[in-house]
Amino acid sequence: MTPADHTADRSGDAASGRGGESAPFDVSTATGLAMALRDLLEASYRLATQAGLDTPVAAKIGAHLGCELKDMAFVEESFPLWEHANLQRGIDAYLADHSPAAEWFGLSGMNRDHEDLATMITRPGPGYEISAVTHGTAAIGPDEAMEVVQFGLVLSTAPDDSPVVIGLRASDRFGPSECRMEILAAQRPAAVAVRGEIERLMRVHDVFRGQVLSFGVSEHRGNELLSFLPRPDLGAEQVVLPAGVLDSIERHVISITSHAERLRAVGQHLKRGLLLHGFPGTGKTHTVRYLMGRMSGCTVILMTGQAMRFIEPAAALARRLQPSMLVLEDVDLVAQDRSFGPDSSPLLFSLLEAMDGIGADADVTFVLTTNRAGMLERALVDRPGRVDLAVEIPKPDEQARERLLRLYAGTLELEADLAPVIAATEGVTASFIKELLRRAVLAAFRTSDDVRSLTDADLAAAAEELSEQRQALTRSLLGHSPGDGEAGDDTGGEAWDDTGGEPQLFPAPPGGRMAVPGRRAWRSPAVYLRSRGE
Ligand SMILES: Nc1ncnc2c1ncn2[C@@H]1O[C@H](COP(=O)(O)OP(=O)(O)O)[C@@H](O)[C@H]1O
Ligand SMILES: [Mg+2]
């Protein structure tokens, strides 16, 4: 209870002290007694509170604010813990403008984590003592952190020059994981103005702007975490896709940002949705990483798996930090999960709602990746406008496989005859070829200490390893579609199911199932190479 509350209670008590008609004395005596009692009560309260407020903490704050502490105004604002660096920056910027010489101090006492600042300051008796500030650190980049106040107060002034006290604290030990600013002032409007200005400065100095961020789930209490990732830097030559595919994706995502102002001026919407679909290991994530590298000033927010339940704060962040790209990786894996939302609708619907909730004028790109486009198709068709470009990332054709072989040979020269390897790897994914090359390099290392090139024998050894029967799961995990009679689940298969005459985003051909490029039985490159007498 604050002193203000006490006042209200006490004066209420005093006012309700009734004389009553049956009193054995006259009205003037009753009035005199009532007034005397009221005076007595007020004097006692003043004495009691003054005794309590005579702590060094109360004296310091009271002297700064210049008002009776029972009359002070108190406003606060809480943020998720991952905003701590922003809150610190906002307050730092505010202090730089209004009280550059101000020094932080701390309070120590038993109930520090459970009481608000106003209560702590006005608590009578030996409640809290002035102490050193508690500091912590908060990340502000992939390899950068800043010092933040974990618990501290600072004396400052409001924009109208009236005195204020700003408190900052963060906690994830008790109660919710949050950071909080608390502002005390003689007049409420001053405290509110300070809060508003600090919030504005937080956005000006936002540490997340232009960063690559990833939402995760804290093991601690299941709440959201936000971490920084380094921005990948891939050249277009490192992304092996059919001619024109990468261009069309780039055009859709990047050129809208390049022309954002002009598009807005002529009333065009900026928000866009890109769906990348295809077998696992074909390069959907790889393509997203390429885009991230190309869009250097753009904020990227990545979400996968369980963390997708935080779509609402993520979408708000994407809007706040535009131009931005919100990537929902492997949406099919959690699309049907109903355990996240309060209304227990499938997560996919929450994702689509969030996509819609961001205004059309926002320079935000949603990127969804999925191994099973069919799973999302109905939901996307039923709610048009969320995804305006769907691109299949196919398995590599002959030409692409050759490019991949050369790419993943790295700095080693390819002495081997590639034609048989290219022929034998029909139907495998790009990630399979990458692994083939890694094993070929290892095979080469096993035979020589000075390896400069890869030979037929190295590639044959790698292919042999990967084609052994006990590597069936490895092959499947690398995204090679198994042939008849081979164990393993074709994870891409469901994407092409006919949904029965309904409108489809990716219509199946008249035969019912869409042809999947390169879907053939596995022919072992090792067998192929051996048959050539290797
Ligand atoms: N099209 C591609 N071009 C070049 N490398 C690729 C390609 N596809 C996959 N890779 C390689 O295989 C790895 C795994 O692919 P990834 O992008 O994660 O597949 P997906 O997200 O489609 O399941 C990538 O990190 C990359 O090294
Ligand atoms: Mg992926």
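Helices in these legends are DSSP runs of H or I with at least four residues, numbered from the N terminus. With helices so defined, helix H9 (284-294) and helix H15 (430-447) each supply at least two residues of the shell around ligand 1. The model shown throughout is a predicted one.

**The whole chain and its confidence, with a mean pLDDT of 81.** The chain holds 18 helices and 16 strands, and buried residues make up 37% of its 534 residues. Among the contacts with a separation of 6 or more, 72% are between residues 24 or more positions apart. A pLDDT of 70 or more is reached by 80% of the residues, with the highest confidence in helix H4 (residues 84-98), at a mean of 98, and the lowest in helix H1 (residues 3-15), at 38. The pLDDT is below 50 over residues 1-20, a stretch that has 22 contacts in the model beyond near neighbours in sequence. It is likewise below 50 over residues 482-534, where the corresponding contacts number 94. Where pLDDT is low, the predicted coordinates should not be read in detail.

**The shell of residues around ligand 1.** Ligand 1 is surrounded by 15 residues, and the closest of them are Gly283, Thr285, His286, Ala430 and Ser431. By residue class, the shell is made up of seven nonpolar, six polar and two charged residues. Because domain 3 (227-392) and domain 4 (398-481 + 516-531) both give residues to this shell, ligand 1 lies between the two domains.

**Helix H3 (residues 56-65) and its buried residues.** Val57, Ala58, Ile61 and Leu65 are the buried residues of H3. When the helix is seen down its axis, these buried residues fall within an arc of 90°, and therefore they line one face of H3. An α-helix has 3.6 residues a turn, so residues three or four places apart point the same way. Pro56 and Ala63, on the other side of H3, are exposed. Just after the helix, glycine 66 takes a positive phi of about 70°.

**Lysine 70, in the loop between H3 and strand S1 (73-80).** Lysine 70 counts as partly exposed because 16 other C-beta atoms lie within 10 Å, a count that falls between the limits of 12 or fewer for an exposed residue and 20 or more for a buried one. Although lysine 70 and alanine 118 are 48 residues apart in sequence, their C-alpha atoms are 9.3 Å apart in space.

**Helix H12 (residues 373-382) and the elements that its buried residues pack against.** The buried residues of H12 are Ala373, Gly374, Met375, Leu376, Glu377 and Leu380. They pack against strand S10 (272-277), helix H11 (347-357) and strand S13 (364-370).

**Valine 327, in strand S12 (residues 324-329), and its surroundings.** Valine 327 has 25 C-beta neighbours inside 10 Å and therefore counts as buried. Leaving aside residues up to four places away in sequence, valine 327 touches Val288, Val300, Ile301, Leu302, Met303 and Val367. The C-alpha atoms of valine 327 and leucine 368 are 6.0 Å apart in space, while the two residues are 41 apart in sequence.

**The backbone on either side of S12, at proline 323 and aspartate 330.** Most residues other than glycine have a negative phi, and most peptide bonds are trans. The peptide bond from glutamine 322 to proline 323, however, is cis, with omega near 5°, and proline 323 is found in the loop between helix H10 (311-320) and S12. Aspartate 330, which is placed in the loop between S12 and H11, has a positive phi of about 50° although it is not a glycine. With 19 other C-beta atoms within 10 Å, aspartate 330 is partly exposed.

**Aspartate 161, in the loop between strand S5 (144-157) and strand S6 (163-171).** Aspartate 161 is not a glycine, yet has a positive phi of about 75°. Because aspartate 161 has 9 C-beta neighbours inside 10 Å, this residue counts as exposed.

How values were computed: Residues are numbered from 1 along each chain as its sequence is written. Chains are lettered from A and ligands numbered from 1 in the order in which they are written. This is a predicted model: local features need pLDDT of at least 70, side-chain atom pairs count only at pLDDT 80 or more; totals for chains, interfaces and linings use all residues. pLDDT is the predictor's confidence in each residue, from 0 to 100. Two residues are in contact if their C-beta atoms, placed from the backbone, lie within 7 Å. A residue is near a molecule or strand if its C-beta atom, placed from the backbone, lies within 6 Å of it. Ala, Val, Leu, Ile, Met, Phe, Trp, Tyr, Cys and Pro count as nonpolar, Asp, Glu, Lys and Arg as charged, and the others, Gly among them, as polar. Domain bounds come from an automatic or database domain assignment. The arc is that of the directions from the helix axis to the C-beta atoms.
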